Amino acid sequence: MEDNISADLEAIWQKICAGLRRDLGTQIFGQWIKPIKLAAFDSNSGMLSLELPSEFSANWVQDRYSERLSLAWKAHQPAIKGLTFEVQSGAAKIAQTSPFNGTAAQNQYNVAPESKFRLDLDPRMTFDQFIAGHSNVLALNAAQRTAAAEKPLFCPLYLQSSTGQGKTHLMHAIGHAFREEFPSSTIIYMSAERFMIEFVSAMRRNEGMEFKASLREADLLMIDDIQFIVGKNSTQEEFLHTVDSLISQGKRVVVAADRPPQALDGVDQRLLSRLSMGLVADIQSAGLELRRDILNHRLSTMPHQQVSEDVVEFLARTISRNLRELEGGLNKLLAYAQLTGREISRELAEEQLSDILSACRRRITIDEIQRTVCEYYRLDRNEMSSKRRARAVARPRQVAMYLAKVMTPRSYPEIGRKFGGRDHSTVIHAVKLVEQLRGEDSEMDNDVRMLLRQLES
């Protein structure tokens with residue numbers, strides 16, 4: 001890039017990064033966005049190249065953040081028509097690390113320039129790849145009905161869940177299934193943020209009628225993160241008329257948000273009525289069993305990756321806030337192990353995922369663990385600090401030490417002090433012993449599982 005253009009783009013990039021750091025959080029920003037480097041800008045095509053340190057990270061950023069980055073660049077510099085994601089020269093290639101399938105994603109890391117309403121569905125987000133559980137079965141069934149050949153009984157379908165629980169996956173899956181059922185149909189999928197930008201841009205270019213006509217030609221319209229469209233009067237008005245038009249034509253509409261329709265702030269009452277008139281399908285937070293099933297399913301598609309059941313159980317129990325974090329944690333662990341050649345172990349998971357784990361852990365105290373263990377084994381609380389070595393006392397004490405290490409951020413010396421001032425080596429021995437016994441003794445494993453459930457409930 002020429003020096004003056006390069007300086008302008010660098011300044012814009014710093015502004016974009018500031019916004020992304022605020023929106024995504026320091027941990028995610030530092031892991032995926034911060035390593036991006038500006039490369040070449042082609043003024044003829046309007047394409048800007050972004051470089052990442054590995055094929056894995058280029059694939060991940062392209063999959064998750066390409067639209068967001070593209071919209072941010074266009075908002076700051078209209079001369080930029082699209083982005084390409086490239087691997088830095090000399091960087092290590094990563095093959096077959098995607099947790100969704102056994103091969104690397106088959107795409108070129110490109111965001112097409114200015115192709116309005118281009119259908120950009122993730123090929124990995126299908127119904128086959130969506131793991132069902134008690135918390136999401138209603139939303140899954142509703143999504144499948146929406147994509148089926150027969151006309152659904154409800155419209156629109158409103159998918160509601162907190163961040164990272166699978167509503168975007170279901171929207172992509174609806175798009176794939178609907179396109180397979182109706183190959184010549186018109187499908188539009190976009191975020192509410194993109195809807196607003198496209199609408200405003202069309203109005204400024206005096207192309208408002210063309211924009212409205214294009215939307216109303218859709219056989220299936222899907223808008224993600226609808227909570228970001230509220231408070232914008234003109235945009236709400238246009239969205240309301242579009243939904244009315246499509247419903248009256250028997251077309252299908254799907255929206256997704258992080259809250260129910262009644263909790264949308266600043267929403268027009270007419271639009272609220274339309275969003276509520278169909279089916280509101282709530283996706284609850286994934287339970288332990290579903291989180292475990294998701295990890296095992298991802299790993300089953302990667303037979304070359306060796307991850308022990310102990311590590312899977314550890315990740316499923318500790319990364320509990322949302323499935324995106326769970327998936328991201330597994331990705332990071334697999335990538336790090338492959339790049340460094342280190343064996344995937346619980347110690348490696350604790351080391352590399354410390355930020356995610358510390359944010360997800362419920363603040364369980366060692367006192368709470370000791371009290372629960374004593375109640376379970378019918379022991380006096382003082383036995384946790386006593387010098388008695390009888391097996392009936394020592395083994396529950398070792399289990400409590402193990403749980404303290406698994407469920408709290410306390411160090412070995414800190415745990416030892418809470419157990420009568422014991423040395424850190426005693427705690428290390430207890431943790432390793434209980435880990436070993438869990439693999440050899442089903443009764444011990446059952447005891448630990450029961451205690452984990454009690455403490456997490």
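Which residue lies over the face of Y412, and at what distance from the ring centre? In this predicted model, the residue over the face of Y412 is K405, placed at 4.5 Å from the ring centre. Beyond that contact between a lysine and a ring, a search of the whole structure finds 6 aromatic pairs, and the points below take up two of these pairs together with one aromatic cluster.

**The tryptophan pair**
- W13 and W73 form a stacked aromatic pair, with 5.9 Å from centre to centre and 5° between the planes.
- Because W13 belongs to helix α1 (residues 3-24) and W73 to helix α3 (residues 55-76), the pair ties together parts of the structure that are 60 residues apart in sequence.
- Both partners are buried: W13 has a relative accessible area of 4%, and W73 has a relative accessible area of 0%.

**The phenylalanine pair**
- The ring centres of F178 and F182 are 4.8 Å apart and their planes stand at 45°, so this pair counts as tilted, given that stacked pairs have planes under 30 degrees apart and edge-to-face pairs have planes over 60 degrees apart.
- F178 is buried, at 4% relative accessibility, whereas F182, at 28% relative accessibility, counts as partly exposed, since the buried class ends at 20% and the exposed class begins over 50%.

**The aromatic cluster**
- F195, F199, F211 and F239 together make up one aromatic cluster.

**The lysine over a ring**
- For Y412, the contact to note is with the side chain of K405, which lies over the ring face at 4.5 Å from the ring centre.

Notes: Residues are numbered from 1 along each chain as its sequence is written. This is a predicted model: local features need pLDDT of at least 70, side-chain atom pairs count only at pLDDT 80 or more; totals for chains, interfaces and linings use all residues. Side-chain values use heavy atoms; hydrogens and water are left out. Rings of Phe, Tyr and Trp (its six-membered ring) pair if their centres lie within 6.5 Å; planes under 30 degrees apart count as stacked, over 60 as edge-to-face and the rest as tilted. Helices (H or I, at least four residues) and strands (E, at least two) are DSSP runs, numbered from the N terminus. Buried means under 20% relative accessible area, exposed over 50%, partly exposed in between (1.4 Å probe, protein chains only). A charge sits over a ring if NZ of Lys or CZ of Arg is within 6 Å of the ring centre and within 35 degrees of the ring normal.
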